[in-house]
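Please look over the structure below, which is a predicted model, and work through the questions and answers that follow it.

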Amino acid sequence: MFVLASVLVFLLAFVAGCSRIEGVIHDSFAQGTAASDRPKTGSGGQSPLESNTDDELPADTRSTAESNDAESSGPQPGTAESAELPSAEAIEGCDNSTCSVSDAVTYEHLYQGSVTVVLFADFSKEEYGVCKVAVLSSDGGTAQILPLDFATAYSMAGSDLTNIFYFLDPATDATTNIFFRMPGMDGWSASGLRPVSTGNFELFDLDYVAADFSDIFNSRPMTSLSWGELDENGNYELEIEGTFAQWDGQKYSAP
């Protein structure tokens, strides 16, 4: 009887031990499975969703790209922006008693860099005032002064002068030329500047108007010229006594 009881106790202890071993094995397997299901981490301990993506640039590359973007978005050669009016003293030979500044733009010249182009009236020799264009270099010096033939200020100054002597908006078109309206005794009001490689600018003249309009000029000595709207090519049209001419790459001719 004693032997039977001992065997029974041994069997119960054996069954309990097996249950504990099975529980340990089950827990270890569960932990291993959970660990394998977690996303793998990188060297910095981040998951792929938290780490840098392939299209994110390193810091030094980003700074270079940002610098290039800034340069490309800056002023481009052949473009102009409205500028604060300089004082008359900034123009060589002028002071507040002899000259009146009318309008100004900053122009990005392909060969000269950034320059300020100024429209002004000079009253030093003529009481009614002679209209002129001044080009101021980036260091503030006067690089060029161009008198406008037959253009008079009619003794106007300040805002009155600006109303008849001003740059178009925008001041440039696809040709990279500068366009402005000027007063004149002969009725001509359209004028402009062409940037040149040998200096700063040269004045627009009738050499750029095609022979298509010779009859108009011959029959009307007081021919009126004015700038129209930008055409589909981004160039200003030239209005000649109500007839519009378009830039064909070399001159203004009938469309």
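Q: Which residue of β4 does A121 stand opposite?
A: Strand β3 covers residues 113–122 and strand β4 covers residues 130–136, and these two strands pair in the antiparallel sense over seven bridges. Within this predicted model, the residue of β4 that A121 stands opposite is C131.

Q: What is the order of the strands in the open sheet of five strands?
A: The pairing in this open sheet is antiparallel, and its edge strands, each of which pairs on one side only, are β1 (80–82) and β5 (142–152). From one strand to the next the twist averages 25°. The order of the five strands is β1-β2-β3-β4-β5.

Q: Is D122 buried or exposed?
A: D122 is found in strand β3, and its relative accessible area is 10%. A residue counts as buried when this value is under 20%, whereas exposed would require over 50%. D122 is therefore buried.

Q: With which side chain does the side chain of D122 make a polar contact?
A: Not counting residues up to four places away in sequence, D122 touches T98, C99, G129, V130 and K132. The polar contact of the D122 side chain, at 2.7 Å, is with the side chain of S124.

Q: What separates the C-alpha atoms of G158 and A121?
A: G158 lies in helix α3, which spans residues 158–162, and at 32% relative accessibility G158 counts as partly exposed. Along the chain, G158 and A121 are 37 residues apart. The separation of their C-alpha atoms is 9.9 Å.

Q: Which strand gives the largest share of the largest nonpolar core?
A: In soluble globular proteins, nonpolar side chains tend to be buried together. The largest nonpolar core here has 24 residues, of which V117, F165 and F180 touch the most other members. At least two residues of this core are supplied by each of β2 (99–109), β3, β4, β5, β6 (166–172) and β7 (178–181). The largest share, four residues, comes from β3.

Q: How many residues are in the other core, the one that includes Y208 and L225?
A: This other core lies apart from the largest nonpolar core, and its members include Y236 and I240 as well as Y208 and L225. Its number of residues is 16.

Methods
Residues are numbered from 1 along each chain as its sequence is written. This is a predicted model: local features need pLDDT of at least 70, side-chain atom pairs count only at pLDDT 80 or more; totals for chains, interfaces and linings use all residues. Side-chain values use heavy atoms; hydrogens and water are left out. Two strands pair if DSSP finds at least two bridges between them. Axes are lines fitted to C-alpha atoms, for helices over the stretch in contact, and angles run from 0 to 180 degrees between N-to-C directions. Buried means under 20% relative accessible area, exposed over 50%, partly exposed in between (1.4 Å probe, protein chains only). A polar contact is a pair of N or O atoms within 3.5 Å; within protein, one must be able to donate a hydrogen and the other to accept it, and residues adjacent in sequence count only if both atoms are side-chain atoms. Contact means heavy atoms within 4.5 Å. A nonpolar core is a set of buried Ala, Val, Leu, Ile, Met, Phe, Trp, Tyr and Cys residues joined through side-chain atoms within 4.5 Å.
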